[in-house]
Amino acid sequence: DNILFLDTVDGGHTLTLNAGAGGNITAVASIGANTPLAAVNVTDGAVQSFAGITAGSLTIFDATTSVTINAASMITNDVAVTSGGTITLDGKMSVTSGTLEFTTTSGGGDVTINAEIDPPSTVTLSSVDDVVINSSTNADDLITIAAGTDGSGSARINAGGDLSTNN
């Protein structure tokens with residue numbers, strides 16, 4: 001079943017989404033834009049596209065095709081995104097504390113960073129194929145990149161991309 005949000009979802013509660021392996025999740029408006037959510041937890045879905053997320057934590061697990069975050073997002077604690085397809089960040093991701101982890105799993109594709117990541121304590125970008133960095137990726141302590149975890153793929157930092165830590 002598909003899940004579609006045409007307007008902002010707000011409030012201090014946890015939002016849990018499960019579209020099933022074949023269902024798509026689309027948030028046309030930002031989640032938590034006016035009042036941050038306590039957490040956003042996504043446990044399944046094929047194509048997932050989010051206009052932006054403001055929440056205490058963000059967990060996306062078992063995306064089967066792709067995850068795209070299209071607009072600026074502010075997460076207070078941990079961010080964990082796992083996809084059997086691709087992961088694309090097109091909007092700035094700010095993480096107040098905790099970790100940011102983007103992982104593609106067996107059969108998955110690229111992790112592509114097209115917008116700034118700023119500054120969780122650690123950043124982990126892991127892909128069975130390529131990790132492509134086209135913008136600033138910052139962390140307080142540690143940045144870990146693992147590309148081609150299935151034996152193929154590469155890590156690339158293109159023009160406009162950089163890695164930096166504060167410690």
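This is a conversation between a trainee and a mentor about reading features in a predicted model.

Trainee: Let's start inside. Which residues have the most contacts inside the largest nonpolar core?

Mentor: A general idea helps here: in soluble globular proteins, nonpolar side chains tend to be buried together. In this model, the largest nonpolar core has 38 residues, and those with the most contacts inside it are F50, L58, V79, M93, L100, F102 and L125. Strand β6, residues 58-69, gives the most to this core, with five residues.

Trainee: Could we take one of those residues and look around it? What is V79 in contact with?

Mentor: Setting aside neighbours within four places in sequence, V79 is in contact with L58, M93, V95, T99, L100, E101 and F102. Several names there should ring a bell: L58, M93, L100 and F102 are also on the list of core residues with the most contacts.

Trainee: You mentioned strand β6. What is the sign of phi at D62?

Mentor: D62 lies in strand β6, and its phi is near 70 degrees, a positive value in a residue other than glycine. As for its surroundings, D62 is partly exposed because its relative accessible area is 37%, which falls between the 20% and 50% cut-offs.

Trainee: Now I117. Is I117 buried or exposed?

Mentor: Relative accessibility is the number to check. I117 has 0%, so it counts as buried. I117 lies in strand β13. Not counting residues up to four places away in sequence, it touches L89, M93, L100, V123, S136, T137 and N138. For a sense of scale, I117 and T14 are 103 residues apart in sequence and 23 Å apart in space, C-alpha to C-alpha.

Trainee: N138 is on that list. Where is N138 found, and which side chains make polar contacts with it?

Mentor: N138 is found in strand β16, residues 136-139. It counts as buried because its relative accessibility is 10%. To read its polar contacts, follow its side chain to two partners: a contact of 3.3 Å joins it to the side chain of E116, and another of 3.5 Å reaches the side chain of D118. Beyond four places in sequence, the residues in contact with N138 include P119, P120, I143, D162 and S164.

Trainee: E116 is charged, so salt bridges come to mind. How many salt bridges does a search of the whole structure find?

Mentor: The search finds two. In one of them, K92 pairs with E116, with the closest N and O atoms 3.9 Å apart. This pair links distant parts of the chain, 24 residues apart: K92 is in the loop between β9 and β10, and E116 is in the loop between β12 and β13. K92 is partly exposed, because its relative accessible area is 35%, and E116 counts as partly exposed at 27% relative accessibility.

Trainee: And which residue forms a salt bridge with D130?

Mentor: That is R156, with the closest N and O atoms 3.2 Å apart. D130 lies in the loop between β14 and β15, and R156 in strand β18, so the pair ties together parts that are 26 residues apart in sequence. Exposure is worth checking on each side: D130 is buried, with a relative accessible area of 13%, whereas R156 is partly exposed, at 34%.

Trainee: What about N134? Which side chains make polar contacts with its side chain?

Mentor: The side chain of N134 makes a polar contact of 2.7 Å with that of N114 and one of 2.8 Å with that of N158. N134 lies in the loop between β15 and β16, and counts as partly exposed because its relative accessibility is 25%. Residues it touches, leaving out those up to four places away in sequence, include T112, I113, A159, G160 and G161. By contrast, the C-alpha atoms of N134 and T26, 108 residues apart along the chain, are separated by 24 Å.

Trainee: Last one: which residues form a nonpolar patch on the surface?

Mentor: L4, L6 and V28 do, with about 330 Å² of accessible area together. Take L6 as the example: it sits in the loop between β1 and β2. At 64% relative accessibility, L6 counts as exposed, because the cut-off for that word is over 50%.

Definitions and conventions: Residues are numbered from 1 along each chain as its sequence is written. This is a predicted model: local features need pLDDT of at least 70, side-chain atom pairs count only at pLDDT 80 or more; totals for chains, interfaces and linings use all residues. Side-chain values use heavy atoms; hydrogens and water are left out. Helices (H or I, at least four residues) and strands (E, at least two) are DSSP runs, numbered from the N terminus. Buried means under 20% relative accessible area, exposed over 50%, partly exposed in between (1.4 Å probe, protein chains only). A polar contact is a pair of N or O atoms within 3.5 Å; within protein, one must be able to donate a hydrogen and the other to accept it, and residues adjacent in sequence count only if both atoms are side-chain atoms. Contact means heavy atoms within 4.5 Å. Patches are made of residues with over 30% relative accessible area and no salt bridge: like charges are joined within 9 Å, nonpolar side chains (Val, Leu, Ile, Met, Phe, Trp, Tyr) within 5 Å. Accessible areas come from the Shrake-Rupley method with a 1.4 Å probe; for residues, only the protein chains shown count as cover. A salt bridge is a side-chain nitrogen of Lys or Arg within 4 Å of a carboxyl oxygen of Asp or Glu. A nonpolar core is a set of buried Ala, Val, Leu, Ile, Met, Phe, Trp, Tyr and Cys residues joined through side-chain atoms within 4.5 Å.
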